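Let's take a friendly walk through this structure together. Keep the viewer open as you read, and turn the model whenever a new part comes up.

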Amino acid sequence: MDWGTELWDQYDILDKHTQSGLDLVDKYMKFVKERTDIEQNYAKQLRNLTKKYSPKRGSKEEQECRFSNHQAFLDILNEMNDYAGQRELIAENMMINICVELNKYLQELKQERKMHLSEAKKSQQSLEAMYKQLDNSKKRFEREWREAEKAAQYADKTDQDLNATKADVEKAKQQAHLRTHIAEDCKNDYAVQLQKYNKEQSQFYFTDMPQIFNKLQDMDERRIKKMAQGYILFAETERHVMPIIGKCLEGMTRAGTNVNARNDSMVLIEQHKSGFERPGDLDFEDYSQGINRASSDSSLGTPKGPLELLGKNKNKTFRLFNKKSKLPSSSLSPYSTPPIPSPANGPPSPKFGRDPLSYCLKEINKTVKPRISSFRTLKRTPVDTEGFTHLPPEQRRKRLQQKIDDMSKELQKEMDQSEALGKMKDVYEKNPQMGDPASLAPQIGQTAQNMDRLRGELNKYESWLAEAGGRGDSIRYSTHSINNNGAHNPNSNDGSCTLFSPGALSDETDPSQAIYTEFDDEFEEEELATPIGQCTALYNFPGSSEGTISMQEGEVLAVVEEDKGDGWTRVRRNNGDEGYIPTSYATITLNK
């Protein structure tokens, strides 16, 4: 069943139906367009939200990202930013795959529908013109036949009239014969026009219009199928990005599971531990018996007045409530380690001239105030930032160790570059056509200078570390091992821990003040450099020179260090073998 057979007389209905189909396409495009606007605005708001709560560079929040809970929140912000990118991708794909495609298809449908309707209108106008000719021919035949009948009646009347002459009778008969002949011609013409019109009408209703209606039906069915594809794309566009959105949500969940409260506490300790020893107990001063306590260099915040009197005037009587002088702010240096206090001299007296608790609090206040004031004066005095002497002992050791590690890496890089330049020079000497060895002399000299400068600075910082109580690279300050996911692993592989004390390297340190800190054995071993990409060998390379590695055509290797301009790239096999290969011998793909 088709439109041309079943709906041959419903031209107006088909006209309205096809137009409503095009209107539906246009309406659906507007719907998708508004959906893309919503997605874009949503993504924009999400990006603004993540930007609002992301820490600024150099801010306090960025420094706190070393804690797992702060880092987890930052990971959630990053995942949310990626999630916003997926919403933008949904909007972009909907706009391209649905709106743009349907708009192009809609214009084609409009042109096709206009062409079909134009053909139908032309056929209808032709049929109407044919019908007008038929009607004119019919009316002419009717008119001429009436005139012929009148002429025949007049001839008969004249023939029967006795008063009419013979000439009048002949004339009337000739006129009637002429009119009859004209009527016969009109009749024949009407018959011909009728035959032509019937043929044209049959062609119009049985051939032309059914074909046009069937073409409109085919066009409308193709439109419906295209709309169905657009409906499916509306859902599939979002379904395609759902795995990535799921990964973003999994990343948020993983960020929450990676939060480790114990590790954050240890990070705070390692970050702010000063290395000072805790103040010792104050000695009891028995004023009731007039006996001064012995002077001790190890006591913390010892009042000067009574002790000086004891040292200078041993034979004089010591007054009980003699006014004591305060410690100067410089008497307690924040960098020196407080010595171990000495025990009290003499047994405590049961008789106090004042409240014992208030007396002890006042004595503590007198001792602590100079210490606090000495710390405040640190901000006003110039500091030596190069040797980090302005930092507490523990923090100074960490900063020096970090500086030594950074300089060691830089020195290793210069040594690698020097080795590469040496290999390149050897290649140029063996194959002069590849380059001039003398052209590498400035680079080799500059590299040697950089190495000498770094070695000198490295020795200087190592000496400072030794003064600060460190032991160079043998001291490790990392507290806990961290797995690849950022989760805290309190137990190392062998469960071993290292005894560490702020004064462990000093001979005067009390072993009872030692602090136990865990270390991971994997820090004791040299860590392999993380691959920065991979490469595929284009040719065979024997790797006979020192420092190079052999490879076979098609072999895939991990890139450890990219070409520094000398034509060599450092790679690694799965078994751990490393070496240099010519850069031009492989196709290199670096990670983004």
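How many residues lie between β6 and β7 in their hairpin? There are six, and Gly565 in the turn has a positive phi of about 105°. Bear in mind as we go that this is a predicted model.

Let's stay with this hairpin for a moment. Strand β6 (residues 556-561) runs antiparallel to β7, and three bridges join the two. You can follow the register through two residues of β6: Glu561 stands opposite Arg570 in β7, while Ala558 stands opposite Arg572.

Now look to the other neighbour of β7. Strand β8 (residues 578-582) pairs with β7 over five bridges, again in the antiparallel sense. One point of register here is Val571, whose bridge partner in β8 is Gly579. These two strands form a hairpin as well, with five residues between them, and Gly576 takes a positive phi near 100° there.

Step back and the wider sheet comes into view. Five strands make up an open sheet in the order β8-β7-β6-β5-β9, with antiparallel pairing. At its edges are β8 and β9 (586-590), each of which pairs on one side only. From one strand to the next, the twist averages 40°. Helix α9 (residues 393-430) packs on this sheet and touches β6, β7 and β8. The direction of α9 makes about 120° with that of β7.

How enclosed is β7 itself? Four of the five residues in β7 (residues 568-572) are buried, so the strand is largely enclosed by the rest of the structure.

The loops around the sheet hold a nice ring pair. The model has 14 aromatic pairs. One of them joins Phe541 and Tyr585: their ring centres are 5.8 Å apart and their planes stand at 80°, so the pair is edge-to-face. Phe541 sits in the loop between β5 (533-537) and β6, and Tyr585 in the loop between β8 and β9, so the pair ties together parts that are 44 residues apart in sequence. The two rings differ in their surroundings. Phe541 has 12% relative accessibility and counts as buried because that is under 20%. Tyr585, at 30%, counts as partly exposed because this value falls between 20% and 50%.

Next, let's move to the helices. In soluble globular proteins, nonpolar side chains tend to be buried together. The largest nonpolar core here has 38 residues, and those with the most contacts inside it are Tyr28, Val32, Ile98 and Leu216. The elements giving two or more residues to this core are α2 (11-53), α4 (68-160) and α5 (166-257). Of these, α4 supplies the largest share, with 16 residues.

Tyr28 is a good place to zoom in. Leaving aside residues up to four places away in sequence, Tyr28 touches Ile98, Leu102, Met227, Gly230, Tyr231 and Phe234. A second, separate core has 13 residues, including Ile404, Leu411, Leu454 and Tyr461.

Tyr28 also belongs to an aromatic cluster, in which ring pairs link it with Phe31, Tyr231 and Phe234. Both Tyr231 and Phe234 are among the residues that Tyr28 touches, which makes this a rewarding spot to inspect. For a last stop, find Lys226, which lies over the face of Tyr105 at 5.5 Å from the ring centre.

Conventions
Residues numbered from 1 in each chain as written. Predicted model: local features only at pLDDT ≥ 70, side-chain atom pairs only at ≥ 80, totals over all residues. Heavy atoms only, no water. Core = buried A, V, L, I, M, F, W, Y, C linked by side-chain atoms within 4.5 Å. Buried < 20%, exposed > 50% of the residue type's maximum accessible area, 1.4 Å probe, protein only. Contact = heavy atoms within 4.5 Å. Pairing = 2+ DSSP bridges. Axes fitted to C-alpha atoms, helices over the stretch in contact; angles between N-to-C directions. Phe/Tyr/Trp six-rings, centres within 6.5 Å; stacked < 30°, edge-to-face > 60°. Lys NZ or Arg CZ within 6 Å of the ring centre and 35° of its normal.
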